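Notebook open, coffee poured. I wanted to go through the charged side chains here and jot down who sits with whom.

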Amino acid sequence: MKKLPIILIVLSITIPAAFAQQQGSDNSPRTAHPKDTVSTGFDATRQMFQKRYQHPDAVPFDTLWKNNVYISLFGGMDKMIPRGNTDFNTGPAGGIAASWQFAPAHALRASLLAGNFSRKIDNETLMRFGLQADYLLNVSSYVNGYNPGRIFEFLTVAGVGYQLSSLAGRTEHVADLHLGFQLKLHPTAHVDFYLEPRFTIMSDGIDHSFQKNWHKYDMTYGATVGMNYRLKAWKPFGKIRILEGNRFLDNTFVSVAAGGQLQASRLTSEIGLVNSVGPHISLSAGKWLIPAFGLRLSAFKSSDTWHKKVTASSANSAGEEFYEMSAYAGGRLEGMLDATYFFNGRQMNPKFSVNVLAGGELGYILKENGYRPAKGGYTGFTGGVQLKYKLFGDVSLFVEPRTSLASYSLKTSEKEEGRYVAKKFTDNLYSINVGIEIRRADEENRMARSLNRELFRPSFFVSGAIGFSTPIQMKRYELKRYFDYQAMINAGRIFTPLSSLRLGADYTPLSTDLKGENVKYDMASGSLDYMLNLTNLMTGYDPERKYDIQLFAGVVASVRMQHESRFFIGGEAGLHTSYRVSRRFKVFLEPKIRIYGKELLMQDNVQGSDIMMSLNAGTSFSF
């Protein structure tokens, strides 16, 4: 019996030691797998106080607040649920926002928004402006751990806001509660894109139905598409191939294009498609986010001839026959997909590429229709194809056919409830443009060319050119464009590699189409322009460069001689593309547009501004 206590003592010492040794041997292989944070050895006491399981893709959260701030741009469409006889068309909405992510799965957002609705019966516009505060729960981070580089994330959105509504000179103040969710795509280190459907409940009054009741609510539903720009980049940020450069301006580009536009309709075909063509010009800036996808924002101006109008004579007015024009101006945001990237060995900067374009437009339409001109905002969808060829360095030439659907409302002669009834219309627009694009050079080339700034010396220049000009008329009595020659001289100074000032003078005969006659007169003009060297801005200064592309804008003063001589002030903008043939001499090509008031072309009862377009070729001497 004396052996039993001895045996128990030995077992009490050896068994815990052996068990501890076994635990150590079980845990040691697990250290070779750093992604798994859960030990296979089970200890109930330790497990009780252990934190939630961490996903292998999770990374530590950066607690520095300025590294978790990002700004947003968004735009989309909203639909107001009708109440009673008040019914509005779907309207655009957009704005800017600033967000702060204060925890791995939690963020706050403040937004400024604006939008409008058009009332169906009479096309009256309801304008709204608002301020909203949102809480965002990142479900993906909450479930799978924090990782700002996750390629796709799902978030929920809830918030409150204030909106001011204005309709027919009357304003209303409302509060709102909105709920939604966000589908977010994170393709680059700095930029996120998201789609955010939402539903909003507002206190009574935003639709101005005047059914004031505290338990009555106005409701809207819709969706926005947005872009977040993170002030702090994260790496790695996904499992897709990326472009070189981590700054916002890396992989950006600017482009200018010009061409012709026509409408596709029965009325257009009656006058002939060639006769209906009007000018189209655009200025764009964009950024490639990944090798095969980018975004481009463009400002554009276009017009076309769409209809032959015949009005019968009456006791108050004589009958007339004329051709009507439409004018469009606005902006478009579109995505660019490089289709050739998937078939040319995934080249990053190929000699030839085909880009598929798709996006939306927000603009202003002015349309002569013989009864009541259509004018006001419009929304639309646009798409096209860009065929691009790299000429040299970072400069490319492209041809771009596109189509746009521009939707707008127009009041008719019909009346209901004492108001003119409005109807919805859509213009099918087609255009083809030729353009030039400058892509920002890579960091190595920019740094090398930055040393050239010490070689720069300010200089003067003089130039002369000759070409042609033509007026853009909203109403024409003959289906004919008048092209007249234009001669110009300029003198200026180049102050920096980016900036120049130019003083110019030009002369042109001018022919316009008026009722019953074609009027011809002469016009002399003087102009002062600021010129921005886009080539040096995007690729750096190179004193040996042969080509230059400059964007210019300024003021112009014109004197119309003969037929009621008058003085006019306007603005002008254009593109100056040059090629250096020697150290001091350059040849250049310069398309330009000028916008005046309403009386330059001597047309009565015509909406809009008088516009002149010109194209000149010349030579420049620097000293």
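Started with the surroundings of Asp176. Leaving aside neighbours within four places in sequence, I find Asp176 in contact (heavy atoms within 4.5 Å) with Gln132, Gly159, Val160, Gly161, Tyr162, Gln163, Thr200, Ile201 and Met202. Asp176 belongs to strand β6, residues 170-185. Helices and strands in these notes are DSSP runs (H or I, at least four residues; E, at least two), numbered from the N terminus.

Note on provenance: this is a predicted model, where local features need pLDDT of at least 70, side-chain atom pairs count only at pLDDT 80 or more, and totals for chains, interfaces and linings use all residues. Residues are numbered from 1 along each chain as its sequence is written, and side-chain values use heavy atoms, with hydrogens and water left out.

Back to Asp176: what is its nearest side chain of opposite charge? I get Arg198, at 6.1 Å, and Asp176 is buried yet has no salt bridge. For the record, buried is under 20% relative accessible area, exposed over 50%, partly exposed in between (1.4 Å probe, protein chains only). A salt bridge needs a side-chain nitrogen of Lys or Arg within 4 Å of a carboxyl oxygen of Asp or Glu. On charge, Lys and Arg count as positive and Asp and Glu as negative, while His and the chain ends are not counted. What Asp176 does have is a side-chain polar contact of 3.3 Å with Gln163. That term is a pair of N or O atoms within 3.5 Å; within protein, one must be able to donate a hydrogen and the other to accept it, and residues adjacent in sequence count only if both atoms are side-chain atoms.

Next, the salt bridges. How many are there? The count comes to 23.

I pulled up Arg128 and Asp78, whose closest N and O atoms are 2.5 Å apart. Arg128 is in strand β4 (residues 125-138) and Asp78 in strand β1 (residues 69-80), so this salt bridge ties together parts 50 residues apart in sequence. Arg128 is buried at 3% relative accessibility, and Asp78 is buried at 11%.

Then Glu544 with Arg580, a salt bridge with 4.0 Å between the closest N and O atoms. Glu544 sits in the loop between α7 (534-539) and β22 (547-561) and Arg580 in strand β23 (residues 566-580), so the link spans 36 residues in sequence. Buried or exposed, Glu544? Exposed, with a relative accessible area of 60%; Arg580 is buried at 15%.

Also logged Glu572 and Arg594, closest N and O atoms 2.7 Å apart. Glu572 lies in β23 and Arg594 in strand β24 (residues 585-595), so parts 22 residues apart get tied together. Glu572 and Arg594 are both buried. Elsewhere, salt bridges with shared partners join Arg150, Glu153, Lys184, Asp192 and Arg230 into one network.

I checked the strands around β23 too. β22 and β23 run antiparallel with 14 bridges, and strands pair if DSSP finds at least two bridges between them. Val556 has Gly570 of β23 as its bridge partner. β23 and β24 are antiparallel over eight bridges, with a hairpin of four residues joining them.

Last, confidence. Mean pLDDT (the predictor's confidence in each residue, from 0 to 100) is 82, and 86% of residues reach 70 or more. Among the elements, helix α1 (residues 3-27) has the lowest mean, 48, and strand β19 (residues 484-494) the highest, 94. Over residues 15-36 pLDDT stays under 50, and the model has eight contacts beyond four places in sequence for them.
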